[in-house]
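Colleague: Could you take a close look at the empty spaces inside this protein for me, and at what surrounds them? I am new to this, so please go step by step.

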Amino acid sequence: MTIFNLFKIGIGPSSSHTVGPMLIAKRFVDLIKKQNHFSNFDRIKIELFGSLGATGIGHHSNSAVLLGLMGNEPKTVDTNTINQKIDEIKSSSKIKLLDEKKIDFSYENDLILYTNKTLDFHPNAIKLSIYKNETELFCKTYYSIGGGEVISEDEIDSKKSNEKTLPYDFASAKELLQKAKENNLSISQLILENEKVYKSEENIKKDLLEIWNVMKGCVSQGLKGEGFLPGGLKVPKRAFNIHQKLKAKVPNDPLAIVDWINLYALAVNEENASGSRVVTAPTNGASGIIPAVLHYITNFLNHKNEEEVVINFLLTAGAIGLLYQKNASISGADVGCQGEVGVACSMAAAGMASYLGANIKQVENAAEIAMEHNLGLTCDPIGGLVQIPCIERNAMAAMKAVNAARMAINEDGKHYVSLDSVIKTMYDTGKDMQNKYKETSMGGLAVNYIEC
């Protein structure tokens with residue numbers, strides 16, 4: 001129950017398919033070293049199941065696992081040297097684990113992607129095994145459950161011994177509003193008090209501003225990008241050209257703000273698709289929505305203190321994200337894109353409403369409106385790449401978040417459908433959705449497009 005499970009600094013193109021696998025691989029090699037297996041084995045095998053196997057190449061899951069085995073982490077890996085490192089493994093047929101132990105490694109035989117084989121707990125599964133003279137010594141299965149969160153098979157039913165007691169614990173939006181009202185707190189104030197259980201207020205704010213700085217840097221880099229996105233679809237980068245047009249545009253266009261919000265989202269998601277540094281918010285596939293809305297606020301709306309605005313926005317948005325993470329899912333492979341773009345849209349709407357002066361009921365209403373109109377959203381990336389329709393989908397959702405917030409503040413907070421009901425509906429809809437529409441690239445747009 002910490003918002004820093006939702007906001008992580010990592011690399012594109014996917015939090016569940018790139019960030020998660022890298023963390024899993026690093027965790028595994030750290031474990032086998034701790035268990036004194038390092039001197040005993042001569043082979044390591046990686047098996048990717050479900051959505052990871054089906055779209056792993058397009059999402060760079062294959063490269064991410066290898067980078068993790070070498071000791072890299074998403075927050076700090078040098079994105080400029082990734083291709084070089086992977087090419088060296090392929091050409092030498094060797095890999096250096098944790099930059100210490102070098103073993104033979106066959107890219108074709110030791111890294112296996114199953115396109116039609118799924119494990120029970122979650123579609124994103126990875127099994128890692130070590131061998132000595134072809135005898136298996138140790139193996140472990142992990143799951144990448146969305147937003148860069150990972151769990152091992154033996155942790156599924158176990159309770160963490162270091163769970164904290166929160167001053168304002170909540171399991172539903174109803175409880176969140178009740179405790180905020182009883183204690184005369186805004187949602188951002190309540191979440192801040194909960195976060196203080198894990199770290200000091202100074203560090204909470206410092207870490208949130210670090211996240212904001214990465215978001216700003218991502219937009220800035222995205223506005224400079226030219227050429228085509230990687231992966232073979234030859235999708236052109238658009239943010240640079242749109243930015244040039246907007247800077248030269250006649251200033252009295254009443255709808256120009258729509259273009260700017262679209263631009264910010266496109267810039268972030270083109271960076272994500274390029275494998276650059278981004279913030280999961282709450283996933284990489286949906287990483288452009290919150291930055292786009294925040295850039296709209298900080299660049300176009302009157303405000304007193306940018307840092308205070310950003311901190312309150314992220315705390316409020318984080319509260320909503322925690323509800324989805326606890327009661328549903330933020331994994332496209334689990335519930336479709338409604339769990340990624342839909343959740344990010346709901347989070348951004350809540351943050352936007354809070355900025356506009358909404359009371360706690362109006363904030364909840366904004367989050368509900370935003371998700372209500374993302375229900376049923378499929379995850380059907382063409383070519384397994386986080387490009388079409390993912391990039392434009394972020395721009396559309398950013399505008400939807402702004403609209404949901406504005407609708408909510410023009411009402412009194414009373415509404416027919418609660419946020420809790422919408423979260424349950426989203427989860428039920430995702431579970432009923434056919435697997436071909438859940439990040440497998442086996443249905444929807446992924447199979448019904450014509451190359452131009």
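**Cysteines, spaces and rings**

Modeller: Happy to! Let me start with the cysteines, since they come back later: this is a predicted model, and the number of disulfides in it is zero. A disulfide is a covalent bond between the sulfur atoms of two cysteines. Take cysteine 218 as an example: its closest cysteine sulfur belongs to cysteine 390 and is 15 Å away, so the two are too far apart for a bond. Cysteine 218 is also buried, with a relative accessible area of 5%. Cysteine 139, on the other hand, counts as partly exposed, because its relative accessibility is 31%.

Now to the spaces themselves. Rolling a probe the size of a water molecule over the atoms shows where empty space is left. The model has one cavity of 30 Å³ or more, and this largest cavity holds about 140 Å³ of space. Cysteine 390, which we have just met, is among the residues nearest its centre, together with Gly285, Glu340, Cys379 and Val386. In total, 17 residues line the cavity. Sorted by class, nine of the lining residues are nonpolar, four are polar and four are charged.

Next comes a pocket, the second largest one, with about 540 Å³ of space. Its lining has 28 residues, and those closest to the centre are His60, Ile82, Asn83, Ser274 and Gly275. Helices α1 (15–34), α3 (61–69) and α4 (82–92) each give at least two residues to this lining. The largest share, five residues, comes from α4. By class, the lining of this pocket has 15 polar, eleven nonpolar and two charged residues.

How do the records divide the chain? UniProt, in an unreviewed entry, lists "domain: Serine dehydratase beta chain" at residues 3–154. That span is 30% helix and 31% strand, and its end C-alpha atoms lie 24 Å apart. For residues 182–446, an unreviewed UniProt entry lists "domain: Serine dehydratase-like alpha subunit". Here the make-up is 60% helix and 2% strand, with 49 Å between the end C-alpha atoms.

Helix α1, one of the contributors to the pocket lining, also leads us to the aromatic rings. There are six aromatic pairs in the model. One of them joins phenylalanine 28 and phenylalanine 138, a stacked pair with 6.0 Å from centre to centre and 15° between the planes. This pair links distant parts of the chain: phenylalanine 28 sits in helix α1 and phenylalanine 138 in strand β7 (residues 135–146), 110 residues apart. Both of these phenylalanines, 28 and 138, are buried. Another pair, phenylalanine 38 with phenylalanine 41, is edge-to-face, at 6.1 Å centre to centre and 70° between the planes. Phenylalanine 38 and phenylalanine 41 are both buried too.

Further along, Trp260, Tyr264 and Phe300 form one aromatic cluster. Then have a look at leucine 301, found in the loop between α10 (289–300) and α11 (306–327). Is leucine 301 buried or partly exposed? With a relative accessible area of 22%, leucine 301 is partly exposed, because buried means under 20%. Its C-alpha atom is separated by 9.8 Å from that of leucine 356, which lies 55 residues away along the chain.

Terms used:
Residues numbered from 1 in each chain as written. Predicted model: local features only at pLDDT ≥ 70, side-chain atom pairs only at ≥ 80, totals over all residues. Heavy atoms only, no water. UniProt positions renumbered as here; feature names shortened; annotations may be inferred. Helix = DSSP H or I, 4+ residues; strand = E, 2+ residues; numbered from the N terminus. Disulfide = S-S within 2.5 Å. Buried < 20%, exposed > 50% of the residue type's maximum accessible area, 1.4 Å probe, protein only. 1 Å grid on protein atoms, 1.4 Å probe; cavity = no way out; pocket = protein on both sides within 12 Å on 5 of 7 lines; lining within 4 Å. Points joined across faces, edges and corners; volume = space filled by probe spheres on them. Nonpolar A, V, L, I, M, F, W, Y, C, P; charged D, E, K, R; others polar. Phe/Tyr/Trp six-rings, centres within 6.5 Å; stacked < 30°, edge-to-face > 60°.
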